[in-house]
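Visitor: Could you take me on a close look at the metal site of this protein? I'd like to see how that one part sits within the whole.

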Amino acid sequence: MFTFIAYGIPYFAKLPGGLTGPLVSARMPRLAADHSRLVLEEAVVGPTDVSPQNPGITKRRFNVPVQVEQNDVLITIRGDDSSYVADVVRWFGGSNSLAGRAVASPVPRLLTFTSSRAMFQQMGLPRYVADRNQLPFAKFIHPHSPMWMGFGDQQVQGSGPAEITTCAGNSSARLTTAVAGDYFDSASVQHLSHLILDMEQFFDFDAAGNPGPDGVFTERVQYMFRSTPPPSLGNPDQYTDGGGPSFLETTFAGTGDAENSAKGIGTPENQHRIGHLSGLQRSSRAADGTPIHIRMDGPGFDNLDVPDGSIQPKLQFTVFVPSADFFATMRRNQASLDLAAANAVPEQDNGLERFITATRRQNFLAPPRRHRAFPLLELT
Ligand code: HEM
């Protein structure tokens, strides 16, 4: 088992003086570019989230407003046997039993659990789940894909070394005031969000359940990666088993790739487009090209926050970054509504935004290992 623990703003607010009191504010790192801001700030509503803040945004099927959660603690548990993971989750929840033996659950009655989210990550698992549940788009998912949308993500080239995601950073990027030896030197900000995926829209289903022209592989690969040029044109049959390869190299095409693409420079037929990857790369990398993030997300399949209570494909998204501000900027660039507006990029040619509905967000601080249990409490 791999366990992670991270603390939200409500935790730090409960300490003497709260977030702005001397205990927390003297030790919490600040943004190198703005010393008035702490690395841990609350998650912001994303530019394409359904929210009163974004009156122009509606999603076709899952029009659920985003909620910024107020949890004290985030516990992430990972393992290679789902029954062991479930056993440990139940133990945290108060089962007083581990592997069939009586073992007292930790800190009884201290925590109230607000949600438990299951994520699974294995090559071919989304297709297997889709087949078993007879989902209407099952045969269009690549049989080897680890993700619902058919492309392998979290590639080695697309994640940073661990140090760069911490507050102290590394030689490629230092974005905060933290230095080695500080209380929160190797802390990292963990963003957790919960997204419902509209797979039928992704394949451009018509009313009869047939995939349409915007759902061909050559379109999907551009929404996912980039158009300058598309990294693959796929198979003659553009739909069956994904219609093309699942694993494509993540190349860094520079911070200007999204703008060129939005202007139609180097794209097929000079169309104005923005890919998910090219939008993110406006700010996701250090000057030397190193990614400043490690994602730890994966598919889910449940009914949390689904308006009609049906079980739907999910993205259980989480990522480690050096500051909340860094994530907010990267998420804004993922949507790139500025480039889309300035260059007349149609909504149906802009990344993944229209297919995904974030229903929950929150930022947490994962402390260095030596302070992982209730950080700062020992100083009160
Ligand atoms: C269902 C929705 C999503 C899918 C299928 C998806 C898929 C992918 C794929 C295939 C890549 C390129 C391969 C790689 O580098 O790992 C990628 C890159 C990335 N995605 Fe997503 N993604 C989704 C949502 C998100 C969300 C909500 C975020 C939040 C910010 C995000 C952040 C990133 C980042 C940071 C990168 C790497 C950028 C870089 O190259 O530096 N993705 N994604």
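Guide: Happily! This is a predicted model, and its protein has 10 helices and 12 strands. One of the helices, α8, covers residues 276-280 and holds H276. That histidine is the one to look at for the metal: its NE2 atom lies 2.1 Å from the iron atom of the ligand. H276 is also the single donor that the protein gives to this iron.

Now for the setting around the site. The C-alpha trace of the protein spans about 65 × 50 × 40 Å along its principal axes. A compact globule of 380 residues would have a radius of gyration near 21 Å, and the protein agrees with that because its own value is 21 Å. Buried residues account for 53% of the 380. If you take contacts between residues at least 6 apart in sequence, 69% of them join residues at least 24 apart.

For a look at another helix, try α5, which runs over residues 199-202 and includes Q201. Q201 has a relative accessible area of 13%, which is under the 20% cut-off, so this residue counts as buried. Leaving aside residues up to four places away in sequence, Q201 touches R60, R354 and F355.

Finally, step back to the outside. The accessible surface of the protein comes to about 17300 Å², and carbon and sulfur atoms make up 54% of it. The protein carries 32 positive and 37 negative charges, and the mean positions of the two sets are 5 Å apart.

Definitions and conventions
Residues are numbered from 1 along each chain as its sequence is written. This is a predicted model: local features need pLDDT of at least 70, side-chain atom pairs count only at pLDDT 80 or more; totals for chains, interfaces and linings use all residues. Side-chain values use heavy atoms; hydrogens and water are left out. Donors are N, O and S atoms within 2.8 Å of the metal (3.2 Å for Na, K and Ca); water is not among the atoms, so sites may look incomplete. Helices (H or I, at least four residues) and strands (E, at least two) are DSSP runs, numbered from the N terminus. The radius of gyration is taken over C-alpha atoms; the globule rule is 2.2 Å times the number of residues to the power 0.38. Buried means under 20% relative accessible area, exposed over 50%, partly exposed in between (1.4 Å probe, protein chains only). Contact means heavy atoms within 4.5 Å. Accessible areas come from the Shrake-Rupley method with a 1.4 Å probe; for residues, only the protein chains shown count as cover. Lys and Arg count as positive and Asp and Glu as negative; His and the chain ends are not counted. The place of a charge is taken as NZ of Lys, CZ of Arg, CG of Asp or CD of Glu.
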